[in-house]
Amino acid sequence: MLNMLHGGAIGKMGSTRAEERFFVRAYAKINLTLDVLGRRSDGYHELASVMQTVALSDTLAFCSVEDGRTEFFCDVPTLNTPENLVYRAVQEVRAATGCQRGVRIELHKQTPAQGGLGGGSSDAASVLLALNRLWNLKLEGARLIALAARLGSDVPFFVLSGTALVEGRGERVTALPDLPGMWVLLLKPEIAVSTPAAFRALTPVDYTDGQATARLVAAIRESGMPPLDGLVNALEERVCEHYPQVAACRAALKAAGARYVRMSGSGPTLFALFPTLEEAAPVYQTLLQQGRQVWLARTVSRAEALAVFGPADGPNVSI
Ligand code: C5P
């Protein structure tokens, strides 16, 4: 059943010509580094992070409908609500541009929600880029990023995708050159971590000086290769302290043979990087046999992540 969220009657299903529907993959992210520099007066935290898109994705379908309606359907019932960032992203675009055209968006969720992988934020950024194309709005990259920042701190990154430096609250994003492709093993402990709670748990001793992110950015720019032993996440120790399952999963990943393990964002998902599949596969198999929730993904470049949008709709970044 299609969820009608914006006036009007339900449109006749199937009335849209096939060629007018297009699909978008909204890729998840990991934080290769996450430095938290301190708490700001607005209650947010000042960040320095290198984020990377990975090949775990939600799928969105977009098509035009008549009468200026916004129709939205998500296949996860608890996410099929007007609070979904997808719906809010449509409202932001309408408010910013005055566009009254109708759209139907279908969202097939595969990235776990509240996992630290930015699934909802990626969906929202995909909506901004897709409406820019569908409605021929010609919004520039800076405008898309400003709209994205209104939706959430992780959303601006996904307007760029690929590998990027993220600063401020999350609204300052700088494209970095693509990393060499790597395998990314993801393990999600079977709990949800609230992002505000993870940030609230920080004390001043947890704040970092941003050097880990600066070093990683320098290494990516100079040699293209990140030093895998230099990855940090300022939120990780407190989350592991409050949620022993996360610490246990981290230990399980290491015991299975992963050398470089970090938590992504505010968690609880942990990731491990591997240059080759030969190195990643036995670790993946061990964790699968333990009945854990694991994915073996890979890094996704900016060009691949944004391929569907073409140069006219994308953020038009220079590195
Ligand atoms: O921006 P977003 O709504 O995704 O942030 C969720 C929560 O995470 C914020 O309300 C805040 O508690 C915390 N946060 C933060 N500093 C950031 C980003 C998020 O404290 N830079």
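## Strand β3 and its partners

Two strands count as paired if DSSP finds at least two bridges between them. Strands β2 (residues 22–39) and β3 clear that cut-off: 16 bridges join them, and they run antiparallel. This is a predicted model.

One bridge pair places F22 of β2 opposite F62 in β3. The two strands form a hairpin, with 5 residues between them. In that turn, G43 has a positive phi of about 95 degrees.

Strand β3 covers residues 45–65. It also pairs with strand β5 (residues 102–108) through 7 bridges, again antiparallel. Here T59 has H108 as its bridge partner in β5. A further partner is strand β6 (residues 163–168), joined to β3 by 6 antiparallel bridges. Q52 of β3 is matched with T163 in β6.

Burial fits into this picture. Of the 21 residues of β3, 17 are buried, so the strand is largely enclosed by the rest of the structure. Buried here means under 20% relative accessible area.

## The ligand site

Which residues surround the ligand? They are G43, Y44, H45, L47, G152, S153, R169, T195, P196 and F199. G43 is the residue with positive phi in the β2–β3 turn. H45 falls within the range of β3, residues 45–65.

Three polar approaches can be described. The side chain of H45 has an N or O atom 2.8 Å from an oxygen atom of the ligand. S153 also uses its side chain: a polar atom there lies 2.5 Å from a ligand oxygen. R169 uses its backbone instead, with a polar atom 3.0 Å from a nitrogen atom of the ligand. Taken alone, the ligand exposes 450 Å². The protein buries 72% of that area.

## The four-stranded sheet

A set of 4 strands forms an open sheet. The order is β9-β10-β8-β11, and the pairing is antiparallel. Strands β9 (261–263) and β11 (294–298) stand at the edges. Each has a single partner strand, so one side of each is left without a neighbour in the sheet. On average, neighbouring strands are turned by 25 degrees against each other, direction ignored.

Helix α9 (residues 277–289) packs on this sheet. The helix touches β8 (183–187), β10 and β11. Its direction makes about 165 degrees with that of β11.

## Pairing within that sheet

Start at the β9 edge. Strand β9 is joined to β10 (residues 270–274) by 3 bridges, and the two run antiparallel. R262 stands opposite F271 in β10.

F271 also appears on the β8 side, as the bridge partner of L186. Strands β8 and β10 pair in the antiparallel sense over 5 bridges.

Next comes the link to the other edge. Strands β8 and β11 pair over 5 bridges, also antiparallel. L187 of β8 has V294 as its bridge partner in β11.

Is β8 largely enclosed or left open? Of its 5 residues, 4 are buried, so β8 is largely enclosed by the rest of the structure.

Key. Residues numbered from 1 in each chain as written. Predicted model: local features only at pLDDT ≥ 70, side-chain atom pairs only at ≥ 80, totals over all residues. Heavy atoms only, no water. Axes fitted to C-alpha atoms, helices over the stretch in contact; angles between N-to-C directions. Contact = heavy atoms within 4.5 Å. Near = heavy atom within 4 Å. Polar contact = N/O pair within 3.5 Å; in protein donor to acceptor, adjacent residues only side chain to side chain. Areas by Shrake-Rupley, 256 points an atom, 1.4 Å probe, with all protein chains shown as cover. Buried < 20%, exposed > 50% of the residue type's maximum accessible area, 1.4 Å probe, protein only.
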